[in-house]
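Visitor: I should like a close look at a single part of this protein, namely its salt bridges and their surroundings. Please describe the residues that take part and where they lie.

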Amino acid sequence: MALAEYRHTDTRRHQRESQSVLSLTIDGLEFKTLNWSLGGCLIEGYGSEFSAGSLINLTSIRRGDKVVPVDVRARVIRALPGDKHLVIGFLDVDVRAFHFLRECMES
């Protein structure tokens with residue numbers, strides 16, 4: 001009996017960035033990204049504030065000293081409380097957030 005070989009193909013629509021760290025303010029709490037893209041991000045430092053399926057709002061994005069107020073709706077894809085990681089997908093990205101994220105990717 002032959003074993004089936006599984007090959008994972010990357011189905012992401014957006015390029016992932018892991019070199020530049022962003023800080024996101026979500027419902028008044030600040031989190032740092034482990035990686036991010038125009039479609040969502042993986043953040044660290046999460047306790048148990050959110051669970052999978054929760055709708056959340058990003059109100060600012062910071063990189064270094066530059067803080068940009070934003071209005072981004074997102075959904076929690078996975079909550080990993082043991083690792084203190086949270087995976088979120090952006091639902092609506094406003095113009096300021098889009099331009100700032102593109103700027104961060106290009107620099």
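Guide: The following account takes the salt bridges in turn, together with their setting. The model is predicted. In it, the protein has one helix and six strands, arranged along the sequence as β-β-β-β-β-β-α.

A search of the whole structure yields five salt bridges, among them the pair E30 and R62, whose closest N and O atoms are 2.7 Å apart. E30 belongs to strand 2 (residues 29–37) and R62 to strand 4 (residues 55–63), so this pair ties together parts that are 32 residues apart in sequence. E30 counts as partly exposed because its relative accessibility is 48%; R62 is also partly exposed, at 24%.

E30 is also touched by T25, a residue of strand 1 (residues 23–26). T25 counts as buried because its relative accessibility is 16%, under the 20% limit. Its contacts also include N57, L58, T59 and S60, and the side chains of T25 and S60 are joined by a polar contact of 2.7 Å.

A further salt bridge, 3.2 Å from N to O, joins the side chains of E103 and K66. This pair links distant parts of the chain, with E103 in helix 1 (residues 95–106) and K66 in strand 5 (residues 66–80), 37 residues apart. E103 is partly exposed at 39%, as is K66 at 41%.

Within helix 1, R102 and E106 are four residues apart, about one turn of the helix, and their side chains meet in a salt bridge of 3.4 Å, N to O. R102 is partly exposed, at 34% relative accessible area, whereas E106 counts as exposed, at 63%.

How values were computed. Residues are numbered from 1 along each chain as its sequence is written. This is a predicted model: local features need pLDDT of at least 70, side-chain atom pairs count only at pLDDT 80 or more; totals for chains, interfaces and linings use all residues. Side-chain values use heavy atoms; hydrogens and water are left out. Helices (H or I, at least four residues) and strands (E, at least two) are DSSP runs, numbered from the N terminus. Buried means under 20% relative accessible area, exposed over 50%, partly exposed in between (1.4 Å probe, protein chains only). A polar contact is a pair of N or O atoms within 3.5 Å; within protein, one must be able to donate a hydrogen and the other to accept it, and residues adjacent in sequence count only if both atoms are side-chain atoms. Contact means heavy atoms within 4.5 Å. A salt bridge is a side-chain nitrogen of Lys or Arg within 4 Å of a carboxyl oxygen of Asp or Glu. Lists of a residue's contacts leave out its neighbours within four places in sequence.
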